[in-house]
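Please examine the sequence and the structure below. The paragraphs that follow lead through selected helices and strands.

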Amino acid sequence: MDRQYSIGVDAGGTKVAYGLFNACGEIVDRVEHSTDPDADGPGFSDTLIENLDLIVNKNNLTYDMLDGIGIGMPSFIKRETGYVFMTSAMPKIKDFTMRDYLEKRLPVRIVLDNDANTAALAEFRLGAGRGTEHMVYIVIGTGFGSGIIIDGKVFSGSYGAAGECGHAIATPGKGILCGCENKGCYMSYIAGKHIPERVRLGLAEGIKSTLNPETATGQRLLEAYNNGDLLAIKMIEDMAGYLAECIFNIYQLLNIETFVFGGGITRLGDPLFSRMREIFNGYYHIPFPVHFKMAELGEDIGIIGAAEYLK
C-alpha cells in the first residue's frame, strides 16, 4: 500500500500539537491539547497514542497508510535510539526509552528528536533559513533552546543534546533552579516559564510594578513595559542582555552567520530584539555580517519540522 500520509507531533512545554500531512506536504488535519507537566514517560506516551489514534480514525486512515510519525520533544534525546534522558519542562519524563515504548504499541515508524531541532529543520528547508548552508534556530517560548544546522544537516552532537544553549550556565550557582537541575542557566533568565518567578523576585527586591506573579505572561510583560512599568523594563533589559550574551557565545563558537528566532516570547518584538542587537553589536568587532531573522512558519513550525524528519 502507498504510504501517502505522515504525522508531525510538536510536544512543547505548554501544548501538544498533531498535524496530518498528505503526500504534497499539506496539512489536512490538526489536533491540539494542553501539556500535562506532571506526566511521566509512559503516561505522556499513552496520551500521544490516544490522540494519534483519534487523528488516524477521524480521517478514515490506517497506520499502514502512514510513512511515519515524527515527534519533537522539549527533551535531551538520543535521536538514533529515541531515548529521553531529561525533560526540563516535564521533569518526570526522564531515562525513558520513548521510541521503543511507542513502536511496541503503534504499527508505524517513529522518529523522535528535540523540538528545537525539528523546528530548525523546518525553517532551514522551508522558512527563513532557505538558501543558507549553516543556521542556528533559537526558540524562545515556554523554554529556551536552539537547533543547529551545519552543512544542511541537523547537528546533534555525541549524545544527541547539541544546541541546548538554554542550559548553558550564565551565573554559576546563582539564580533560579531550572528543571535541568542547575541554577543560573540561560533558560532561567530568558524562558517564558520563568517570567512569574522573575516577577516575584523583582517585587521582593522592592521594584514597584503592576505585574502579578500569579498572572504574569510574555504578553502582560510587554503591556507593562509599554506603560513604563519599572520592573517590566528591567526584566526585558535583563532578557536582552542574557540573550545577546548567549547568541554571541554561539557565534564565537560556531561562526554561523544566520540566526532565526521563533517561539511565543518573540512577540516582545523591538523592546527585546533591538536591545539584544545593540548589546550583541557591542561585543562584535569583526567586519562580517551576522543576520538575525524571525521564523516564517508560524505556529505550525513544530509539526512541519517533525514531519520533515521523516524525509
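Is the crossing of α6 and α7 left-handed or right-handed? In this predicted model, the two helices cross in the left-handed sense. Helix α6 comprises residues 218–226 and helix α7 residues 230–254. Their axes lie 8 Å apart and make an angle of about 115°. On the α6 side, the contact is formed by L221, A224 and Y225, which meet A232, I233, M235, I236 and M239 of α7. Sorted by character, the residues of this contact comprise eight nonpolar, no polar and no charged.

Attention may now turn to the strands. Strands of a sheet pair through backbone hydrogen bonds, in either a parallel or an antiparallel arrangement. Strand β4, residues 66–73, pairs in the parallel sense with β1, residues 5–11, through five bridges. Within this pairing, Y5 has L66 of β4 as its bridge partner. Strand β4 also runs parallel to β8, residues 110–114, to which five bridges join it. Here G72 is placed opposite D113 of β8. Strand β4 is itself mostly covered, with seven of its eight residues buried.

One residue of β1 merits a closer look. A11 belongs to this strand, and A11 counts as buried because its relative accessibility is 0%, the cut-off for burial being under 20%. Leaving aside residues up to four places away in sequence, A11 touches V16, F44, G72, M73, P74 and D115. Among these contacts is G72, the residue that stands opposite D113 in β8. A relation can also be given between A11 and a residue elsewhere in the chain: Y251 is 240 residues away along the chain, and the C-alpha atoms of the two are separated by 28 Å.

A further sheet is built on antiparallel pairing. Three strands form this open sheet, in the order β5-β6-β7. Strands β5 (76–78) and β7 (96–97) each have a single partner strand and stand at the edges, so one side of each is left without a neighbour in the sheet. Strand β6, residues 83–86, pairs with β7 in the antiparallel sense over two bridges. In this pairing V84 stands opposite F96 of β7.

The two sets of strand pairings may finally be set side by side. The pairings of β4 with β1 and with β8 are parallel, whereas the pairing in the β5-β6-β7 sheet is antiparallel.

Technical notes. Residues are numbered from 1 along each chain as its sequence is written. This is a predicted model: local features need pLDDT of at least 70, side-chain atom pairs count only at pLDDT 80 or more; totals for chains, interfaces and linings use all residues. Side-chain values use heavy atoms; hydrogens and water are left out. Two strands pair if DSSP finds at least two bridges between them. Helices (H or I, at least four residues) and strands (E, at least two) are DSSP runs, numbered from the N terminus. Buried means under 20% relative accessible area, exposed over 50%, partly exposed in between (1.4 Å probe, protein chains only). Axes are lines fitted to C-alpha atoms, for helices over the stretch in contact, and angles run from 0 to 180 degrees between N-to-C directions. A crossing is left-handed if the near helix is turned anticlockwise from the far one by less than a right angle, and right-handed if clockwise. Contact means heavy atoms within 4.5 Å. Ala, Val, Leu, Ile, Met, Phe, Trp, Tyr, Cys and Pro count as nonpolar, Asp, Glu, Lys and Arg as charged, and the others, Gly among them, as polar.
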